[in-house]
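Dear colleague,

I am passing on the structure we talked about, and my notes on it follow below. Please read them with the structure open beside you.

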Amino acid sequence: MSQTKKGLNTLCTHEGALEDTLFKGATSPLYMSSSYAFEDVDLKRYPRYFNTPNQEALGKKLAALEHAETAMIFGSGMAAISTALMAFLKAGDHVVFQQTLYGGTYNFAVTQLEKYGITYTFTEGWDVVDFEEVIQSNTKVIYLETPSNPLLTITDMKGVANLAKEKGIFTLIDNTFASPINQNPIDFGIDVVMHSATKYMGGHSDICAGVVASSKENMDRIYQTAICFGGSLSDYTVWLLERSIKTMALRVKAQNENALLMAKYLVSNPDVAAVNYPGLETHPEHELAKSQMKGFGGMLSFELKSEIDVSHFFRNLRLIKPSMSLAGLESTMISPAKTSHALMSPEDREKQGIKDSLVRFSLGIEELEDLIGDIEQAISETKSVSLPV
Ligand SMILES: *Cc1c(COP(=O)(O)O)cnc(C)c1O
């Protein structure tokens, strides 16, 4: 193939694909072997060494999509995140975490790091100064997430990356919500990009996987930790993930479009009190989002007016599923106050802006009018039963 820069759908479909030299099949052959004859002393293929033919092939596709030199596939998003973090940390080091963080990552920080003698601070907000304020002389890693869950705040990637570079600190970002279709943090100077591939990369709610993408130099370090922790992914799932990623740009673009139109519709709905979506001009960081994202993503959140009970509203939905996970082809909703942020006190939730009436909405690929119809019938059903008879 020519060396000219290829388009997104071309990369998703072809990059890294293995050639079926035996039968000329259209898809990458699946190699399930856990044992390979030595090719030479340096190359010993083994699943936990992250170098089976299918692991390497998918790694090439992911590196191309994230504009990284190299990428590795893990058994889950948390395997990728915990391995990458531990690769850059040792006893005595300090980490700065963005305040709004995926629940599993928050849990990893507060339950695991102390055991290794690693300290951490959560920022007060998501502006560059919020990160700057909590940096210590022993800070080794700054960890960020943008857009954030569930309020869809936007962090200035270039601003944080520049701040970190000045001080010799590594930046790690969870790019799950955006997907590589909408955002490529490496272009803004971020060092390490991580994904829960369980979400947009898998896209069909049937795969659990994770990804780390970075420079070869950083990845050498991550690799040494990764082979010890052993969080590699089975080749069968690697193969399925390659199949899913072929349609990722198509899916994510449809989800972006649904989310933007849904956000605009919800703003106009009199039973909705607030809508959080970086694609809305009224979003406080809309201009920043425009400058660092290619699409605004398929996730949004909104508040129902207080007279509409969220649990009743969920029970009345017929098409949209109340569900913990996100980014599938099917639209899903959850109440962060009752799930991901349930352990937080109501006061702390209120401080972060996570009200009981907040709904997180993962847009699928269904027709917009069907989704709007479902929301309208669920709201009117919820209102009719709460009216005194
Ligand atoms: C789901 C998720 C994770 C964790 O991924 P798993 O595949 O469940 O381990 C990490 N970050 C974000 C933003 C997620 O949505």
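**Notes on the surface, the ligand and the salt bridges**

Met-32 is found in the loop between α1 (8–14) and α2 (53–65), and please keep in mind throughout that this is a predicted model. With a relative accessible area of 51%, Met-32 is exposed, and together with Leu-30 and Tyr-236 it makes a nonpolar surface patch of about 290 Å².

Turning to the ligand, the shell around it holds 13 residues, of which Gly-77, Met-78, Asp-174, Thr-198 and Lys-199 come nearest. By character this shell divides into five nonpolar, five polar and three charged residues, and helix α3 (residues 77–87) gives the most to it, with three residues. Among the polar approaches, a polar side-chain atom of Asp-174 lies 2.6 Å from a nitrogen atom of the ligand, while oxygen atoms of the ligand are approached by Thr-198, through a polar side-chain atom at 2.6 Å, and by Ser-196, through an N or O atom of its side chain at 2.9 Å. The protein covers 91% of the 380 Å² of accessible area that the ligand has on its own.

As for charged pairs, the count comes to eight salt bridges, including the three described here.

- Asp-271 and Lys-383 form a salt bridge whose closest N and O atoms are 2.9 Å apart. This pair links distant parts of the chain, 112 residues apart, with Asp-271 in the loop between α10 (248–268) and β8 (272–276) and Lys-383 in helix α14 (residues 368–386). Asp-271 is buried, with a relative accessible area of 12%, whereas Lys-383, at 33%, counts as partly exposed.
- Glu-287 and Lys-290 form a salt bridge with their closest N and O atoms 3.6 Å apart; because they are three residues apart in helix α11 (residues 286–292), about one helical turn separates them. Glu-287 is exposed, at 53% relative accessible area, and Lys-290 is partly exposed, at 46%.
- Lys-355 and Glu-303 meet through their side chains in a salt bridge of 3.5 Å, N to O. Here too distant parts of the chain are linked, since Lys-355 sits in the loop between α13 (346–352) and β12 (358–362) and Glu-303 in strand β9 (residues 299–304), 52 residues apart. Lys-355 counts as partly exposed at 34% relative accessibility, while Glu-303 is buried, at 12%.

Finally, Lys-90, Asp-93 and Lys-140 are joined into one network by salt bridges that share partners.

With best regards

Key:
Residues are numbered from 1 along each chain as its sequence is written. This is a predicted model: local features need pLDDT of at least 70, side-chain atom pairs count only at pLDDT 80 or more; totals for chains, interfaces and linings use all residues. Side-chain values use heavy atoms; hydrogens and water are left out. A residue is near a molecule or strand if one of its heavy atoms lies within 4 Å of it. A polar contact is a pair of N or O atoms within 3.5 Å; within protein, one must be able to donate a hydrogen and the other to accept it, and residues adjacent in sequence count only if both atoms are side-chain atoms. Accessible areas come from the Shrake-Rupley method with a 1.4 Å probe; for residues, only the protein chains shown count as cover. Helices (H or I, at least four residues) and strands (E, at least two) are DSSP runs, numbered from the N terminus. Ala, Val, Leu, Ile, Met, Phe, Trp, Tyr, Cys and Pro count as nonpolar, Asp, Glu, Lys and Arg as charged, and the others, Gly among them, as polar. Patches are made of residues with over 30% relative accessible area and no salt bridge: like charges are joined within 9 Å, nonpolar side chains (Val, Leu, Ile, Met, Phe, Trp, Tyr) within 5 Å. A salt bridge is a side-chain nitrogen of Lys or Arg within 4 Å of a carboxyl oxygen of Asp or Glu. Buried means under 20% relative accessible area, exposed over 50%, partly exposed in between (1.4 Å probe, protein chains only).
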